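Open the model in your viewer and keep the selection tool at hand. The tour goes from the whole chain to single residues.

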Amino acid sequence: MLHFQPANSLQRKLAACTLMALAAGATGSAMASSPDAWKQTETEIRQACTKASTLKQVKPAGAILHFPDGNNAVSALLLQGRYPQPHMRNKPGKELCLFNRTTRSAVVSEADNIAKVPVVRKGK
């Protein structure tokens with residue numbers, strides 16, 4: 001085990017501040033936001049993702065997944081709806097929405113195969 005003993009008062013204060021900053025960073029953003037703030041953010045995510053979607057009759061298809069804060073504080077939401085293009089004949093579709101919590105912007109990508117598991121046949 002290492003023991004660190006700062007030589008003077010300024011070094012002790014600096015060491016204490018550094019340890020506090022490291023401890024605060026390790027707790028993540030969940031400790032920094034109130035439940036009401038998270039609820040408001042999740043409402044914003046649902047609205048932004050729905051607006052960014054290219055599907056009609058679009059709605060969330062699951063819970064929002066939050067990835068850790070940092071330079072890429074992102075949340076993901078799976079959406080379901082129907083393709084509006086005539087050649088798609090109202091076919092059901094899925095999109096994955098990524099919401100950047102820093103820029104407050106949403107992007108979507110087609111995700112029809114996101115939950116499909118390939119069939120593995122024995123002997124082939």
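A contact here means heavy atoms within 4.5 Å. On that basis, 39% of the protein's contacts with a separation of 6 or more join residues 24 or more positions apart. Note that this is a predicted model.

**Whole chain.** Colour by secondary structure. You should find two helices and five strands. Along the sequence they run α-α-β-β-β-β-β. Now switch on the surface. About 9600 Å² is exposed, and carbon and sulfur atoms supply 59% of that. Of the 124 residues, 21% are buried.

**The core.** Select Ile45, Cys49, Leu55, Val58, Ile64, Leu77, Leu79, Tyr83, Cys97 and Phe99. These 10 residues form the largest nonpolar core. Helix H2, strand E3 (74-82) and strand E4 (92-100) each give two or more residues to this core. In soluble globular proteins, nonpolar side chains tend to be buried together.

Stay on one core member, Leu55. Which residues does Leu55 contact, leaving aside neighbours within four places in sequence? The list is Gln80, Gly81, Arg82, Tyr83, Pro84, Gly93, Lys94 and Glu95.

**The disulfide.** Select Cys49 and Cys97 and show sticks. Their sulfur atoms sit 2.0 Å apart, and the two residues form a disulfide. The count for the model is one disulfide. Cys49 belongs to helix H2 and Cys97 to strand E4, so the bond links parts of the chain 48 residues apart. Next, check the S-S torsion of Cys49 and Cys97: the value is about -75°, so the disulfide is left-handed.

Are these cysteines buried or exposed? Buried means under 20% relative accessible area. Cys49 has 0% relative accessibility, so Cys49 counts as buried. Cys97 is also at 0%, so Cys97 counts as buried too.

**The E4-E5 hairpin.** Move along to E4 and strand E5 (residues 105-110). The two pair in the antiparallel sense, over six bridges. Pick Glu95, one of the Leu55 contacts. The bridge partner of Glu95 in E5 is Glu110. Then go to the turn, where four residues lie between the strands. Select Arg104 there: Arg104 takes a positive phi near 60°.

**Back to H2.** From Arg104, step across to Thr41, which lies in helix H2 (residues 35-52). Thr41 touches Arg101 and Arg104, not counting residues up to four places away in sequence. Why does Thr41 count as buried? Its relative accessible area is 15%, and the cut-off is under 20%.

Methods: Residues numbered from 1 in each chain as written. Predicted model: local features only at pLDDT ≥ 70, side-chain atom pairs only at ≥ 80, totals over all residues. Heavy atoms only, no water. Buried < 20%, exposed > 50% of the residue type's maximum accessible area, 1.4 Å probe, protein only. Areas by Shrake-Rupley, 256 points an atom, 1.4 Å probe, with all protein chains shown as cover. Core = buried A, V, L, I, M, F, W, Y, C linked by side-chain atoms within 4.5 Å. Pairing = 2+ DSSP bridges. Disulfide = S-S within 2.5 Å.
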